[in-house]
Amino acid sequence: MSGSFMRNSTIPRLLLAHTITNIKDPAAHSVFRQQQQQSRKAYFGFSNVFKRSKEYNNELSPSSLLTSSFSSKAENAAFFKFGFIGWYLGMVKSRPVLTKSATSSLIYIAADLSSQTISLPSSESYDLVRTLRMAGYGLLIVGPSLHFWFKFVSKLLPKRDLITTFKKILMGQTIYGPIMTVVFFSLNARLQGENSAEIIARLKRDLLPTMINGVMYWPVCDFVTFKFIPVHLQPLVSNSFSYLWTVYMTYMASLEKAGSSG
């Protein structure tokens with residue numbers, strides 16, 4: 001429409017320009033000039049109105065509204081996602097022990113509730129005291145110990161090649177893993193009221209099977225952690241892997257006293 005209007009207005013404009021050049025009277029010449037400027041303003045004003053109305057219609061079209069809606073939702077989701085990750089990483093750097101301990105406690109809570117959901121009959125209620133014990137263990141023991149263990153291993157073996165990674169895995173399976181398993185069973189049994197003889201009997205019954213199962217589970221997890229994850233995030237990744245393991249461990253810790261059913 002705009003192009004047609006411009007083509008149709010070309011001939012009158014040429015005639016008007018030819019008329020102006022042939023006028024000798026200065027006053028008449030000035031009048032024609034003013035009329036020509038007014039006609040140009042009217043034309044360009046009409047063009048701008050047409051252009052703006054077209055842009056306004058495009059903005060109000062269903063496709064543009066739908067696109068803007070989806071883009072705003074995606075931006076909000078990305079903001080909350082990366083905003084939380086950025087906040088968490090900042091906390092890991094500013095308060096590493098506290099952040100890793102709180103993370104470990106939350107994972108132990110989730111793992112214990114999952115373990116109870118699997119093992120308990122539907123008629124029985126959750127043992128919240130047991131869940132509280134697991135939360136305290138993750139907060140006070142697992143979180144801090146993982147932080148200092150990974151720092152120690154990274155300083156002792158700073159490289160990340162294949163041989164060094166296997167050395168780190170071997171250290172985890174022969175030093176950290178057995179110590180933490182003994183601490184876990186002993187402390188949990190003590191909190192349940194077992195005496196020293198009963199704790200030793202539990203360790204004799206449960207420690208070796210737990211260590212064997214750990215050898216089948218943890219080396220792959222440790223390989224990923226030591227090989228590909230930065231040191232300050234290794235406890236978080238290890239805690240994430242420990243979710244399934246903790247479900248198993250909390251089940252083992254909830255077993256009856258050794259020899260009590262005989």
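**Entry 1: the second largest cavity**

I started with the lining of the second largest cavity and sorted its residues: 5 are nonpolar, 1 is polar and 1 is charged. A reminder to myself: this is a predicted model. Who are these residues? I wrote down Arg133, Met134, Tyr137, Phe184, Leu187, Asn188 and Leu191. Arg counts as charged and Asn falls in the polar group, so I can put a name to each of the two odd ones out: Arg133 and Asn188. Next I looked up the volume, and it comes to about 50 Å³.

Which helices supply at least two residues each to this lining? Both α6 and α7 do. The top contributor is α7, with 4 residues.

**Entry 2: the largest cavity**

Then I asked how many cavities of 30 Å³ or more turn up in the whole structure. The search gives 2. For the largest cavity I noted a volume of about 450 Å³. Its lining is made of 26 residues. I wanted to know which of them lie nearest the centre, and those are Tyr176, Gly177, Met180, Trp218 and Trp245. Two or more lining residues come from each of α6 (128-156), α7 (162-191), α8 (196-228) and α9 (234-253). Here, too, I found α7 with the largest share, namely 8 residues.

I did the same sorting as before: 15 nonpolar, 10 polar and 1 charged. I had to watch Gly177, one of the residues nearest the centre, since Gly goes with the polar ones in this scheme.

**Entry 3: helix α5**

I picked α5 and checked its ends: the helix covers residues 96-119, which is 24 residues. How far does α5 reach from its first C-alpha to its last? I got 34 Å, close to the 34 Å expected at 1.5 Å a residue.

Which residues of α5 are buried? My list reads Thr99, Lys100, Ser101, Thr103, Ser104, Ser105, Ile107, Tyr108, Ala111, Asp112, Ser115 and Gln116. I underlined Lys100 and Asp112 in that list, because Lys and Asp both count as charged.

**Entry 4: the whole chain**

Last, I zoomed out. I counted 9 helices and 0 strands, so reading from the N terminus just gives α-α-α-α-α-α-α-α-α. The chain has 262 residues, and 31% of them are buried.

For contacts, I looked at those with a separation of 6 or more; residues 24 or more positions apart make up 71% of them. Finally, I noted an exposed area of about 16800 Å² for the chain. Carbon and sulfur atoms supply 69% of that area.

Conventions. Residues numbered from 1 in each chain as written. Predicted model: local features only at pLDDT ≥ 70, side-chain atom pairs only at ≥ 80, totals over all residues. Heavy atoms only, no water. 1 Å grid on protein atoms, 1.4 Å probe; cavity = no way out; pocket = protein on both sides within 12 Å on 5 of 7 lines; lining within 4 Å. Points joined across faces, edges and corners; volume = space filled by probe spheres on them. Expected span 1.5 Å × (residues − 1). Buried < 20%, exposed > 50% of the residue type's maximum accessible area, 1.4 Å probe, protein only. Contact = heavy atoms within 4.5 Å. Areas by Shrake-Rupley, 256 points an atom, 1.4 Å probe, with all protein chains shown as cover.
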